[in-house]
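Hi everyone, thanks for coming. Let me put the model up on the screen, and then we can walk through it together.

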Amino acid sequence: MDLENCGAKVGTLLSVLEKVKIRGDILLGKVYGYTDQYSDLKEVLLSNTFTVVPSLRYGISQKNNADILLVIDALDVAYTNPLINSFCIVSGDSDYTPLVGRLKSMGKFVLGISRSEAASNIFINACNEFQFLENVGGHIRGKPEDKKKTASADKEPLDEQELNKLIESILSEQTDQDELYASELKGILLRLRPDFSERAYGCATFLKVLDKLSHKYGNLHIRNDNFNVMVSLGQPPKETVVQLTKDNWRDGFREQLARYKEGGFDRINPSILKADIQASYPDFSERALGFKRFSDVLKTLEKEKLLEVEMDEQKTMLIKVP
């Protein structure tokens, strides 16, 4: 993990760890570029047994030092530790593309995570799977009243609604299957929240917890299959969602941009903004607002000083959040 690339925010770091733990146990974690300005991350890093790799910075090559160390360490682990079959690289630098190629040739799965403004298309396409950091953090897409994650968040027991959302997140990440064994779901849940206990929710078994959540929120489907309990996502009750109109669309964009700013993202890819707007307002359409293209929407917002449109070195459009 390149701390500079992940924004060095506690909430963002917790979101990255959650995304990885859903896929498996983190057997080894290393962070690069740590300085005293990131002291807020100490508790999260230590509780997840991360190693801070020291890097002396001198001259214009200071950034390359951390990059080279990351490559050396990753290859060393790949060749000497057969238990590790997957790697997650939190960085979008194209310099890591040869590393990704070598890891894949050794049969390793590579997940890449990076801010959209720093992600190279070459690196994105080289990975087995790639996710933008803006999409990893649930608070970026959530409603304004969502709680902001803090370092002490792991200490506080989840209430029923938070537990239901976490289980929903786990199930939605299972791209290769529609349902999970209840025992497997509990194993993933314990990786994310080692302090989880059914008794905290007034239940004696995990099945009773699932049944309780299913009846209360309606988005979990439980079935028995030859004495095995299977869990999948059902259809939750439809909620009335306020849609964007010619009168209120600016407010919707203003709120979404504010969430990026709160999450520590100063620049984002336009596709990320559009995807998050569509997630919050499923019926969103540029034409319904009187525009032909999404770029026309951005131009109007730029004229009104709500954002700035920039081009990076690769001639890729980026949105700067004021």
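The lining of the second largest pocket divides into 23 nonpolar, seven polar and nine charged residues. Here Ala, Val, Leu, Ile, Met, Phe, Trp, Tyr, Cys and Pro count as nonpolar, Asp, Glu, Lys and Arg as charged, and the others, Gly among them, as polar. A pocket is an open set of points on a 1 Å grid over the protein atoms alone, where a 1.4 Å probe fits, with protein on both sides within 12 Å along at least five of seven lines; lining residues have an atom within 4 Å of a point.

One word on the source: this is a predicted model, with local features needing pLDDT of at least 70 and side-chain atom pairs pLDDT 80 or more, while totals for chains, interfaces and linings use all residues. Residues are numbered from 1 along each chain as its sequence is written, and side-chain values use heavy atoms, without hydrogens and water.

So which element gives the largest share of that lining? That is E3, with five residues; strands are DSSP runs of E, at least two residues, and helices are runs of H or I, at least four, numbered from the N terminus.

Now to Glu134, in helix H6 (residues 133-136). Glu134 counts as buried (under 20% relative accessible area, 1.4 Å probe, protein chains only), because its relative accessibility is 1%. Its side chain joins that of Ser116 in a polar contact of 2.7 Å, meaning a pair of N or O atoms within 3.5 Å, one able to donate a hydrogen and the other to accept it; residues adjacent in sequence count only if both atoms are side-chain atoms.

Gln256, in helix H11 (residues 249-262), is also buried, at 1%, and its side chain meets that of Arg259 at 2.9 Å.

Key
Buried means under 20% relative accessible area, exposed over 50%, partly exposed in between (1.4 Å probe, protein chains only).
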